[in-house]
Amino acid sequence: MSFLHPDQLEGVELFGRLAPVHREILAPLFSEVRVDRDTFLFEQGQERRAVYLILEGELELADQSGGVRKTFITCDPGSVLGEPLLINEGCYHSLGGYAVCDVVCAALSREQIDHIEREHPETYS
């Protein structure tokens, strides 16, 4: 059994409009990522390596420059982060993703995105 069920993608804006067959292709490609409270899922300026779907917890998108964390938005379950990676390789996080509590995400890596583009172009488009 895979970590993420296709039905979990149905209510997510980015994936919800996909036909069920495409969600069934995508769901098993996600991996589980756990982030401990008071740590970063990704740092500001770090290369984007995955698209993240928050399943549990809250993540703040914050500017870390100047040694002070300034929060711009808090992302809840159902939020998708890093989606520019779907259309643009070599892009970097403009803000850090800080876990205000323990967080569980589903991650779709750059390698998995490339696999979808090659093997399932109808899903990728």
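The following exchange concerns the strands of a sheet and a helix lying across it in a predicted model.

Residues are numbered from 1 along each chain as its sequence is written. In this predicted model, local features need pLDDT of at least 70, side-chain atom pairs count only at pLDDT 80 or more, and totals for chains, interfaces and linings use all residues, while side-chain values use heavy atoms, leaving out hydrogens and water.

Trainee: In what order do the four strands form the open sheet?

Mentor: Strands are DSSP runs (E, at least two residues; helices are H or I, at least four), numbered from the N terminus, and two of them pair if DSSP finds at least two bridges between them. β1 joins β8 through five antiparallel bridges, β3 and β8 pair over six, and β3 is joined to β6 by two. The order is therefore β1-β8-β3-β6, with β1 (31-35) and β6 (80-81) at the edges, each having a single partner strand.

Trainee: Which residue in β8 is the bridge partner of Glu-56?

Mentor: β3 (50-56) is crossed by helix α4, and β3 pairs with β8 in the antiparallel sense. In β8, the bridge partner of Glu-56 is Val-104.

Trainee: How many of the seven residues of β3 are buried?

Mentor: Buried means under 20% relative accessible area, with exposed over 50% and partly exposed in between, using a 1.4 Å probe and protein chains only. β3 is largely enclosed by the rest of the structure, because its buried residues number five.

Methods: Contact = heavy atoms within 4.5 Å. Axes fitted to C-alpha atoms, helices over the stretch in contact; angles between N-to-C directions.
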